[in-house]
Structures are given as C-alpha cells and as structure tokens.
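User: Please take a close look at the salt bridges in this structure. I would like a connected account of which residues pair and how accessible the partners are.

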Amino acid sequence: MSLFSSEKLEQFLPKVKTILEENLYPLEPKYLHLPFSKVEPELAKVRALVKEKGLWNSHLSESHGGLGFSLVEFGQISELLGTSPYGHYCFNCNAPDIGNQELLLGNASDYIKETYLKPLIQGTTRSCFSMTEPDFAGSNPVNMGSTAVRDGDEYVINGTKWFTTAAEGASFAIVMANTNPEAENRYQQASMIIVPTDTKGFHLTRNISIMGETNDTYFSHAEIEYKNCRVPVKNLVGNEGEGFLLAQQRLGPGRIHHCMRWIGICEKAFDLMCRRAATRSLGGDTKLGDKQTIQNWIAESRAEINASRYMVLHTAQKIDEVGAKAARLEISTIKFYVANVLMNVLDRAVQVHGALGITDDTVLSFYYRHERGARIYDGPDEVHKSALARQILKGYGLNAKR
Ligand SMILES: Cc1cc2nc3c(=O)[nH]c(=O)nc-3n(C[C@H](O)[C@H](O)[C@H](O)COP(=O)(O)OP(=O)(O)OC[C@H]3O[C@@H](n4cnc5c(N)ncnc54)[C@H](O)[C@@H]3O)c2cc1C
C-alpha cells in the first residue's frame, strides 16, 4: 500500500475505475465535441448508477451525506475521475458545485443549507459562482463594481459578471458584491449573496465562446447582468463584509481539487503517449519510442507527474491536519506548478501523436484546448508565484512589494 493510501481507498478505487471504463470513456468519442446538453441524458443514467452503487459524494463527510474520505484519499479518487472529462460531474464532485458545497457547509445558515445546499448534495440542482467582472482585473478581485444595497428585508444587486462557469441551467449563483463600501479595509467591503437564477433582473447575457468548450449548460461560461435583482437578506452567506474571507476559504480547497483532477489528466495523456510511442512504426522495426527525444519526453513527464502527485497529496495531508488556511503557500505552489506540468505533458502527448494529436479521435485535443485555462483561473501563475516568492524573501529580510 502506498504512503498515502488506505484499505478503504484500495477497495473504493476499482469500483470507480469500472464505471469509468464501462460507462464514461465509451461516451467520449461520440459526445466530447457536441454541446454538453446532448450528453446530459446519458450522464444522468451514470449519475443514477453511481448513487445506486453507493459511490456518490466521495468528497463529503458521512454526517453530510458523503463517504467520509480524508482529503488525501479524495485526492486519489479525484485523480482517477480526472481521466474522463465527465468523471467529476457523474460523481457529484465537479467544480464549481464542490467548492460551493464546501463553502455553504462551513458558513451558511440553516435556511440556506435546507433550501440551496441540500438539493446540491443530492445532485438535483447545479450552482455557479459569480465573482469576476469584465471591467476589473480578476487577479485582484477586491476591485469590483457590483453592489448589493440593502432595502428593508432585501438586497438590491446591480453589476455585470463574466466567466461564471456552469451558469446556464444552474438554479442559483453565489454572487460577490459590495455591501459595505464605507469599510476602511477593502477586504471587508464585499459579501456573498445567493441569487436564484429565476430572480427578476438576473440576465444571462451570453455564453462566452471560449476554446475547448462547447459553451452550453454545465460547460458554459456566462456573462451575467444583475439589474435591480432583489433577493431576501436571508440569502446572505456568512456575515456582511465577509466576502473575501469566504472567497479565500472557498478558493483554497478549490485550487487543490483542480490539481488533483489535473494529475488524472496527465496520467491519461501519459498513457496515450506511451502507447503511441511503443506502437507507431517509423519503418522497419523502428518505433517512435526508440528515439531518444521521445524517451526524454516520457522520462520527464513521469518525473513531473510523480513530483506533482507527491506535492498535491502532501498539501492535502496538511489541510487534513491543520486546515486550508495554514496550507496557503503549499496551495499556491501546487496551483502554478501542476498547471504547468499539465501543459507540458499534454503538449508532449499531442506531439508524439503527430497529426492525430490534434484530431478529435483521441481525448488529447479536447484536454489540450480545455485545460489552457488552468494557468489562469483561480489565480494566474504569476500571482501564485509572487505570493510564494514574497513569503520566501521575508525570511531574507525583504518585505517585497505586491
Ligand atoms: C475557464 C475559466 C473559468 C472561470 N470560472 C470562473 C467562475 O466560475 N467564477 C468567477 O468568478 N470567475 C471565473 N473565472 C475567472 C478567473 O478567476 C479570472 O480569469 C482570473 O482570476 C484572472 O483574472 P482576469 O482574467 O481578469 O485577468 P487579469 O487580472 O486582467 O490578469 C491578466 C494577466 O495579467 C497577469 N497578472 C495579473 N496579476 C499579476 C501580478 N500580480 N503579477 C504579475 N502578473 C500578473 C497574469 O498573467 C494574468 O493572466 C474563470 C476563468 C476561466 C479562464
């Protein structure tokens, strides 16, 4: 048994693998380049099967209707699920729902938990997270134009958001908006408020067309206009002015979830690369894998993926033991490191496949297009590198500027 494994996990992983192999990988060639809405009926059947087999909500504790795995264990489940673009969705641990579930579990009122969280955990609804705005740099979201003004028992929300992932078909958005512009500390000016998507004044203006996505339903990245959108004050998550505190709580674990999934994608690409290298003939009895350049790519990829896995599980272990706040720098480190390993491995795998690599005959081209965003969302590389380097330099007596 490996360093980070457990008997419970060893028994669980083969069950996940069977569903991936029998029910999800076979759907990919037919559906991956079609709108997500086309595959949804097929995935609904797989979600039902996952529930029936008792594999649902592996990310949650038993008291919250989950299976009670630690983050270290879930990391390895998530890696396996990452080998199919449909894996996390079918096991109900897909972004942004997983982050929203964790946020609401830790901070929401009983009313919000009953009304919004419960159906999310049961998988009967989807959600989205609406923070980034077109007119302000998302890397430093403290600069934000959206407002939520209190009027009696309601908030009136105005503003424009974009890149609200999975907004189309979601039943509610968790919206960041300024409620306390008078607060001296800029990090205490915004709050998180739940806005049902059927609220008057919620306008999904467009699904932004981005590379690698079919841009609908769960794969949508929406621009949304909130125009005099009225919601009850009881839809506030946590307290007024806590928006950024909660965002940090949500994004920390959210970032590690991405890293776990990316390692699964790396393993998938690595496997395809090795299969191709071992079988593609260059003439006579020479195979691609006989060439040293290809061997270098295989060796470098193996080392980088192993290093990534170790770093991610070590970070997960720290979060399990002392919480995400104390693991902030480890999370920043893996966020940029693993995103770049992902780019390297995918690029090498595409190259080894030659022209085939850029067709839709393998899953590689989907991942290559789809995952470029990894170096940007939830904080671009540069922001995480800077956070890490500034902390290191503190140890050398330099209080480096932001
Ligand atoms: C696929 C995808 C899904 C997303 N989903 C969501 C979502 O569901 N909800 C949501 O609210 N947002 C979402 N986002 C938005 C995302 O969080 C932002 O794109 C991200 O925070 C960067 O903000 P920006 O795009 O405004 O880039 P900017 O802030 O304009 O930055 C542009 C570039 O400048 C550089 N840069 C920025 N700051 C620094 C710095 N301090 N030092 C050096 N260089 C720097 C970086 O290279 C960066 O890429 C998503 C984005 C993508 C791509």
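Analyst: The account below follows the salt bridges and then turns to a charged surface patch.

The model is a predicted one. Across the whole structure, 17 salt bridges are found. One of them joins Glu79 to Arg309, with 2.7 Å between the closest N and O atoms. Because Glu79 belongs to helix α4 (residues 71-81) and Arg309 to helix α9 (residues 292-322), this pair ties together parts that are 230 residues apart in sequence. Glu79 has a relative accessible area of 14% and is therefore buried. The pair is also part of a wider arrangement, a network of salt bridges that links Glu79, Glu267, Arg302 and Arg309.

A further salt bridge connects the side chains of Asp271 and Arg275, at 2.9 Å from N to O. Both residues lie in helix α8 (residues 243-279), four residues apart, so about one helical turn separates them. Asp271 is partly exposed at 35% relative accessibility, whereas Arg275, at 53%, is exposed.

Arg369 and Asp360 also meet through their side chains in a salt bridge, with an N to O distance of 3.6 Å. Arg369 is partly exposed, its relative accessibility being 31%, and Asp360 is likewise partly exposed, with a relative accessible area of 34%.

Charged residues outside these pairs deserve mention as well. A patch of positive charge on the surface comprises Lys325, Arg328, Lys394 and Arg402; members of such a patch have no salt bridge. Of these residues, Lys394 is located in helix α12 (residues 381-394) and counts as partly exposed because its relative accessibility is 48%.

Technical notes:
Residues numbered from 1 in each chain as written. Predicted model: local features only at pLDDT ≥ 70, side-chain atom pairs only at ≥ 80, totals over all residues. Heavy atoms only, no water. Patch = residues over 30% accessible without salt bridge, like charges linked within 9 Å, V, L, I, M, F, W, Y side chains within 5 Å. Areas by Shrake-Rupley, 256 points an atom, 1.4 Å probe, with all protein chains shown as cover. Salt bridge = Lys/Arg side-chain N within 4 Å of Asp/Glu carboxyl O. Lys, Arg positive; Asp, Glu negative; His and termini not counted. Charge placed at Lys NZ, Arg CZ, Asp CG, Glu CD. Helix = DSSP H or I, 4+ residues; strand = E, 2+ residues; numbered from the N terminus. Buried < 20%, exposed > 50% of the residue type's maximum accessible area, 1.4 Å probe, protein only.
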